[in-house]
Amino acid sequence: MTRSVYVTGIDRGDGRQVVELGVMELLTRQVDRVGVFRPLVHDGPDRMFELLRTRYRLSQDPATVYGMDYVEASALQAEQGTDELVSTLVDRFHLVARDYDVVLVLGTDFAGTQLPDELSLNARLANEFGASVIPVVGGRAQPADSVRAEIRNAFRAYDGLGCDVLAMVANRVDREDREEIAGRLADRLPVPVYVLPDEPALSAPTVAQIAQTLGARVLLGDDSGLARDALDFVFGGAMLPNLLTALTPGCLVVTPGDRADLVVGSLAAHSAGTPPIAGVLLTLNEVPSQEILTLAARLAPGTPVISVAGNSFPTAERLFSMEGKMTAATPRKAETALGLFERYADSADLARRVSAPSSDRVTPMMFEHKLLEQARSDRRRVVLPEGSEERVLHAAEVLLRRGVCDLTLLGPADRIRKKAADLGIDLGDSQVIDPATSELRDAFAERYAQLRAHRGVTVELAYDVVSDVNYFGTLMVQEGLADGMVSGSVHSTAATIRPAFEIIKTRPDSSIVSSVFFMCLADKVLVYGDCAVNPDPNAEQLADIAIQSAVTAARFGVEPRIAMLSYSTGTSGSGADVDKVRQATELARSRRPDLKIEGPIQYDAAVEPSVAATKLPGSEVAGQATVLIFPDLNTGNNTYKAVQRSAGAIAVGPVLQGLRKPVNDLSRGALVQDIVNTVAITAIQAQTPSDKAAEQ
């Protein structure tokens, strides 16, 4: 059983950080406690560990991460030999390994290390650590034949030195050669070979990185603008019409600071989206007048304008030698890297090969990872009615970069694309539809009028109704043009779900629509229902909520053990409220005798084994309940919020259940990650047709 994974290479410039990040993502899906160890490190903070620590909320003491610096290692090897160097590093590795379920080892970087035969050193360390190896070969600017040869040679080198090679990775290969390389290497080695194409956005520096490297002054721009990738450089010296034809998407315009016409023209082009640029870099230490800067800020809010003292030629030399780096301050690059790894590497197969020790604990991060992985496994299309909302656009970027689902954004197309350009977000091939001008509006009006004819809705009235983004999005789901819908970041719950009640309606096996929250505690996930929709369900409705919640729990990997909550446990109490729960329990058992259901039961007896042993000994649910059904909305809503705030739980939801097709509501205070999770849940719900879901 592999307890550590060693990511290494054969030379510098292989871009293996993509693989290190991808493997870390894979490991954190499987186990709770993942450690990091870098045997040798250069002076200064290690940007890869800082990225991993920030992204995966690692609690590991940074002092334990590093074996020693290269200068110390070189001196030790020269004075006492390789055996002593390896022995020292092995001791320091085991100080980490003893505290973690699995360790990700970041191999040496082959950059100015002054260590002879670095490949052999990495191989020996991997063997001494008991680690399996993933060697990475860089393929940038190399012909396909050369990449294939290097992959085979690298495998032979590590395998010949006794390493347990998990897989080989060819990284940064020419996109046009990727399929040929992958096809020619398939079945040529006894381990899988993953071939990742070069991704310009990963090597492109952000505007913030350029400003820091050049010592530039930031005249205009916000954090989102400074986080944009500079995918190209366009140097302005000609007249404005000639410059405009040279602009490319994501370019940084470099121009003398006294060319106000080029500054204003570039930003005006960005504002019009033809094309969106990364920003403007002014040279010669010249700065436009305050009037020009004010106009520039109004033309393209948030777009950076930075100034350097040097002239254009030395600035250009430095720009072309600059390469972007993934750091904790560039989360968008991390999303791009993970999307690349997950698209071209077989994560499921690699996870089986890693064989990390399984864990009964399910942390919030593990649950979130599982959502994205499950949604990605069978991609669906989700419509987002609030297409111009900034949080929704940021969430869309994450979803697209990670390949979680396809998206349709609703709203004025020009406004959405301009907002995305201002935020530096590439919407790729996502659909952008304006309900007010869409060719679907007439057909949707007729369809809605048919559905609501019993309410006296005419086609003329329906024509106005379906211009509302939530109604339009719901009709897209109903008509099969999207698989699910998520809204609510700027709309009320009623505005989000009322169209679903009118158009999609409930499943045949459900009497009501209800909701659950996934409550991600420190070491497990509980399902709470109903905390958002039904104020005071009767016994039959409560039984329906329990069964719906069990189906939802099972679909997302939570084994349903259902506790029907009350202020009394078993037969100890009486009264109308307890009787309702008792009757609901009997109804749910009669409808689904295969489910484990206990009720009435108090919360403490449901989740705490010691209390359960006293109050309900021998129960299959008491003390280990995973699905907790509250008797009314007042109790459920207050309890989930109390647990969320007091226990530090992450509440994912509300997730609606009982509809024929998935529609989900967001809190108006939803964070970007909340939106990402809810969209992933919606995509997963859409993977199972409603009739099959009812059978589960």
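In the predicted model described here, Pro 654 is found in strand E22. The peptide bond that leads into this proline from Gly 653 is cis, with omega near 5 degrees. A further cis peptide bond runs from Gly 599 to Pro 600, where omega is near -5 degrees. Pro 600 lies in strand E20, which comprises residues 596–601. Most peptide bonds are trans, and most residues other than glycine have a negative phi.

Departures in phi were also found. Ala 141 is not a glycine, yet its phi is positive, at about 60 degrees. The residue belongs to the loop between strand E5 (132–138) and helix H6 (144–160). With a relative accessible area of 85%, Ala 141 is exposed. Leu 284, likewise not a glycine, has a positive phi of about 70 degrees. Its place is in the loop that joins strand E11 (279–283) to helix H13 (290–299). The relative accessibility of Leu 284 is 39%, and the residue therefore counts as partly exposed. A positive phi, near 70 degrees, is also found at Lys 505, which follows helix H23.

The overall architecture was considered next. The secondary structure of the protein chain amounts to 30 helices and 23 strands. The radius of gyration is 29 Å, close to the 26 Å given by the globule rule for 696 residues, so the chain is as compact as a globular protein of that length. Along the principal axes, the C-alpha atoms fill a box of roughly 80 × 65 × 45 Å. Of the 696 residues, 57% count as buried. Among contacts with a separation of 6 or more, 76% are made by residues 24 or more positions apart.

The surface and the charges were then described. The protein chain exposes about 28,200 Å², of which carbon and sulfur atoms supply 48%. There are 69 positive and 90 negative side chains in the protein chain, and the centres of these two sets lie 3 Å apart.

Within the fold, helix H23 spans residues 493–503, and its buried residues are Thr 496, Ile 497, Pro 499, Ala 500, Glu 502 and Ile 503. The cover over these buried residues includes helix H20, helix H22 (469–478) and strand E16 (484–487). Strand E22 (650–657) and strand E23 (663–665) are also among the elements that cover the buried residues of H23. Strand E22 is thus both part of this cover and the element that holds Pro 654.

Helix H20, another of the covering elements, comprises residues 441–451 and contains Arg 441. This arginine is buried, with a relative accessible area of 11%. When neighbours within four places in sequence are left aside, the contacts of Arg 441 are with Pro 435, Ala 436, Tyr 463, Asp 464, Val 466, Ser 467 and Phe 472. Phe 472, one of these contacts, falls within the span 469–478 of helix H22.

A further buried position was examined in helix H29 (residues 672–687), which holds Val 679. The relative accessible area of Val 679 is 0%, and this valine is buried. Its contacts beyond four places in sequence are with Val 382, Leu 384, Leu 399, Cys 405, Leu 407 and Val 486. Val 486, one of the contacts of Val 679, falls within the span 484–487 of strand E16. Val 679 and Val 404 are 275 residues apart in sequence, whereas their C-alpha atoms are 8.9 Å apart in space.

Finally, the cysteines were considered. A disulfide is a covalent bond between the sulfur atoms of two cysteines. The structure holds zero disulfides. The closest cysteine sulfur to that of Cys 520 is in Cys 531, and because the two are 14 Å apart, they are too far for a bond; a disulfide requires the sulfur atoms to be within 2.5 Å. Cys 531 is correspondingly in no disulfide, with the sulfur of Cys 520 as its nearest cysteine sulfur. Cys 520 counts as buried at 1% relative accessibility, and Cys 531 is buried with a relative accessible area of 0%.

Key: Residues are numbered from 1 along each chain as its sequence is written. Side-chain values use heavy atoms; hydrogens and water are left out. Helices (H or I, at least four residues) and strands (E, at least two) are DSSP runs, numbered from the N terminus. The radius of gyration is taken over C-alpha atoms; the globule rule is 2.2 Å times the number of residues to the power 0.38. Buried means under 20% relative accessible area, exposed over 50%, partly exposed in between (1.4 Å probe, protein chains only). Contact means heavy atoms within 4.5 Å. Accessible areas come from the Shrake-Rupley method with a 1.4 Å probe; for residues, only the protein chains shown count as cover. Lys and Arg count as positive and Asp and Glu as negative; His and the chain ends are not counted. The place of a charge is taken as NZ of Lys, CZ of Arg, CG of Asp or CD of Glu.
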